Amino acid sequence: MPLFRREADRRTALDEPAKKDIAMRLVSSAENSSLDREAQYAYLQDIGDGRGCTGGIIGFCSGTSDMPALVELYTQRVPGNALAGCLPALRAVDGTGSHRGLDPDFPAAWRQAATTAAFRQAQRDERDRGCFDPSVARAKKDGVGSLGQFVHYDAMVMHGPGADPLFFGGIRDRARGKLDLDPPLNWQVYGDSYEIG
């Protein structure tokens, strides 16, 4: 067994409650400019990234299937909720940055739902199912400690699941063999390309 895997096995895992709380506050700082992650359930706006409406504790997006999945989960648990009538429009705009059919009622319905314990629990459950649990499980298989597990989770939140080059799976695949920052390294930030040869 490689040394780094033995070291990772002895460290606290990100899914232990105290570390998970830290991870959630770190993500909240990036998503909502606040460490108060509990105040973010009602957050909703279009941030101009082409993913439609972004909202909630991890930035669920109407254009990337995680927001429709969240609202479907909530509606299964609480039929007839304030967001249930928005599901057809959410399904229609999935994969786009459009608001067609969502405005003007969706923002008010989202904020109303966020006052309920059931919707807040649905956000936490969908976050764990779609991002946290799979990314931490993958990080543990990769043999990294809690910081590396957080990097996996953050990449999943910011880029979403999937194997395409700009999604978590594609990013992770490109990083294999480069865990020690050995060149060549190629990356982009805000459209600018960089290379260390």
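**Exercise 1. The hairpin and its greasy patch**

Task: Find which residue of S5 stands opposite Leu 185, then work out how S4 and S5 pair and what nonpolar patch they help to make.

Solution: Start with the partner: Leu 185 faces Ile 196 in S5. Keep in mind that we're working with a predicted model.

Next, the pairing. S4 and S5 run antiparallel and are joined over five bridges. The two strands make a hairpin with two residues between them. Have a look at Tyr 190 in that turn: its phi is positive, about 50°.

Now the patch. Trp 187, Val 189, Tyr 190, Tyr 194 and Ile 196 build a nonpolar surface patch of about 570 Å². Strand S4 (185–189) and strand S5 (192–196) each put in at least two of the patch residues.

Last step: check one member. Trp 187 sits in strand S4. Its relative accessible area is 36%, so Trp 187 counts as partly exposed, and that clears the cut-off of over 30% for patch residues.

**Exercise 2. A salt bridge between helices**

Task: Which residue forms a salt bridge with Asp 128, and are the two partners buried or exposed?

Solution: Begin with the contact. Asp 128 pairs with Lys 20, and their closest N and O atoms are 2.9 Å apart. Then place the two residues: Asp 128 belongs to helix H6 (residues 117–141) and Lys 20 to helix H2 (residues 17–32), so this bridge ties together parts 108 residues apart in sequence. As for cover, Asp 128 and Lys 20 are both buried.

For context, the model has 13 salt bridges by the rule used here. Some are linked up: Arg 138, Asp 142, Arg 172, Asp 173 and Arg 176 form a salt-bridge network.

**Exercise 3. What does Asp 21 hold on to?**

Task: Work out which arginines meet the side chain of Asp 21 in salt bridges, and where they lie.

Solution: Take Arg 25 to begin with. Its side chain meets that of Asp 21 at 3.1 Å, N to O. Both residues lie in helix H2, four residues apart, or about one turn of the helix.

Then turn to Arg 37, which meets Asp 21 at 3.0 Å, N to O. This pair links distant parts of the chain, with Arg 37 in the loop between H2 and strand S1 (44–46) and Asp 21 in helix H2, 16 residues apart.

Finally, check exposure. Asp 21 has a relative accessible area of 26%, so it's partly exposed. Arg 25, at 33%, is partly exposed too.

**Exercise 4. The aromatic cluster**

Task: How are the rings of Tyr 74 and Phe 119 arranged, and which residues form one aromatic cluster with them?

Solution: The count of aromatic pairs is five. In the pair asked about, the ring centres of Tyr 74 and Phe 119 are 4.9 Å apart and the planes sit at 55°, so the pair is tilted. Tyr 74 is in helix H3 (residues 66–77) and Phe 119 in helix H6, with 45 residues separating them, so to speak, distant parts of the chain.

Now check cover: Tyr 74 is buried at 3% relative accessibility, and Phe 119 is buried at 0%.

Move on to Phe 106 and Trp 110. Their ring centres are 5.9 Å apart with planes at 55°, so this pair is tilted as well. They are four residues apart in helix H5 (residues 105–113), about one helical turn. Phe 106 is buried at 0%, and Trp 110 is buried at 0%.

Put the pieces together: Tyr 74, Phe 106, Trp 110 and Phe 119 make up one aromatic cluster.

Note on methods
Residues numbered from 1 in each chain as written. Predicted model: local features only at pLDDT ≥ 70, side-chain atom pairs only at ≥ 80, totals over all residues. Heavy atoms only, no water. Patch = residues over 30% accessible without salt bridge, like charges linked within 9 Å, V, L, I, M, F, W, Y side chains within 5 Å. Areas by Shrake-Rupley, 256 points an atom, 1.4 Å probe, with all protein chains shown as cover. Salt bridge = Lys/Arg side-chain N within 4 Å of Asp/Glu carboxyl O. Buried < 20%, exposed > 50% of the residue type's maximum accessible area, 1.4 Å probe, protein only. Pairing = 2+ DSSP bridges. Phe/Tyr/Trp six-rings, centres within 6.5 Å; stacked < 30°, edge-to-face > 60°.
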